[in-house]
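Here's a quick briefing to read alongside the model. It starts with the ligand, then turns to aromatic pairs and backbone oddities.

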Amino acid sequence: MLNIVLFGPPGAGKGTQAAKLLDRYQLVHLSTGDILRSELAAKSQLGLEAKRYMDKGELVPDEVVIKMIEGKIDGNAGAKGFIFDGFPRTTAQAAALDKMLEKKNAPITMMLALEVEKEELIKRLLLRGKDSGRTDDQDQSIIENRIKVYNSETAPVQGFYEAQNKYKGVHGMGSIEEIFKRLCTAIDSRKKM
Ligand code: AMP
């Protein structure tokens with residue numbers, strides 16, 4: 001299996017690149033943000049509980065997202081691999097993911113991290129807020145909080161994968177195609193190892 005964690009701050013381009021990667025490598029895309037938004041649209045209890053955190057740009061509690069992702073992994077038993085997008089966002093989530101995949105004998109292949117400057121992130125998120133209608137992308141203070149939460153709670157996840165020699169940083173500025181090529185090169189050279 002090819003199991004990729006696509007990493008990077010909000011606005012780094014994870015969703016855009018994940019869509020291209022799953023097409024190229026025939027993977028299943030698991031975006032916790034997308035799953036939570038669809039739960040919210042369906043007005044499920046999970047969605048309504050998550051909304052309280054999402055509206056403020058805070059993280060939904062670990063046990064909620066871990067259970068949710070476990071259900072999705074189990075529900076895609078025949079998958080060739082997964083792209084995890086927006087997950088894991090804490091080291092506790094990363095450890096839980098390792099445990100789940102251990103049971104399947106299909107560990108994380110690598111973490112690909114999109115590196116983008118903060119000014120560019122804010123610019124991209126405000127633009128996305130206009131186009132997509134995502135309310136958490138329309139308010140500069142919520143955006144700033146998400147970046148702050150990323151730096152304090154999510155950035156340490158890098159070290160978790162570095163310790164396993166699975167971390168690969170990729171320059172996330174430039175055209176969508178240029179960035180996609182960099183990601184594919186990183187994946188293909190990892191697959192040869
Ligand atoms: P995203 O679409 O990845 O930017 O996620 C939108 C929001 O969903 C985040 O600001 C969090 O409130 C919540 N969320 C998404 N993924 C996670 C996760 N792995 N852990 C905790 N909260 C999450």
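A polar contact here is a pair of N or O atoms within 3.5 Å; within protein, one must be able to donate a hydrogen and the other to accept it, and residues adjacent in sequence count only if both atoms are side-chain atoms. By that yardstick, an N or O atom in the side chain of Arg-89 is 3.0 Å from an oxygen atom of the ligand. The protein covers 96% of the 480 Å² of accessible area that the ligand has on its own (Shrake-Rupley method, 1.4 Å probe).

This is a predicted model, where local features need pLDDT of at least 70, side-chain atom pairs count only at pLDDT 80 or more, and totals for chains, interfaces and linings use all residues. Residues are numbered from 1 along each chain as its sequence is written, and side-chain values use heavy atoms, with hydrogens and water left out.

**Ligand contacts**
- A backbone N or O atom of Glu-58 lies 2.6 Å from an oxygen atom of the ligand.
- Val-60 also uses a backbone N or O atom, 3.0 Å from a nitrogen atom of the ligand.

**Ligand shell**
- The ligand is surrounded by 15 residues (a heavy atom within 4 Å), and the closest are Thr-32, Arg-37, Glu-58, Gly-86 and Gln-93.
- Helix H2 (residues 32–41) supplies the largest share of that shell, 4 residues; helices are DSSP runs of H or I with at least four residues, strands are E runs of at least two, and both are numbered from the N terminus.

**Aromatic pairs**
- The whole structure has 4 aromatic pairs, meaning Phe, Tyr or Trp rings (six-membered ring for Trp) with centres within 6.5 Å.
- One of them, Phe-7 with Tyr-150, is tilted (neither under 30 degrees, stacked, nor over 60, edge-to-face), at 5.7 Å centre to centre and 45° between the planes.
- Phe-7 is in strand S1 (residues 4–7) and Tyr-150 in helix H7 (residues 140–154), so the pair ties together parts 143 residues apart in sequence.

**Backbone oddities**
- Most residues other than glycine have a negative phi, and most peptide bonds are trans.
- Phe-87 and Pro-88 are joined by a cis peptide bond, with omega about -5°.
- Lys-43 has a positive phi, near 55°, and is placed in the loop between H2 and helix H3 (45–54).
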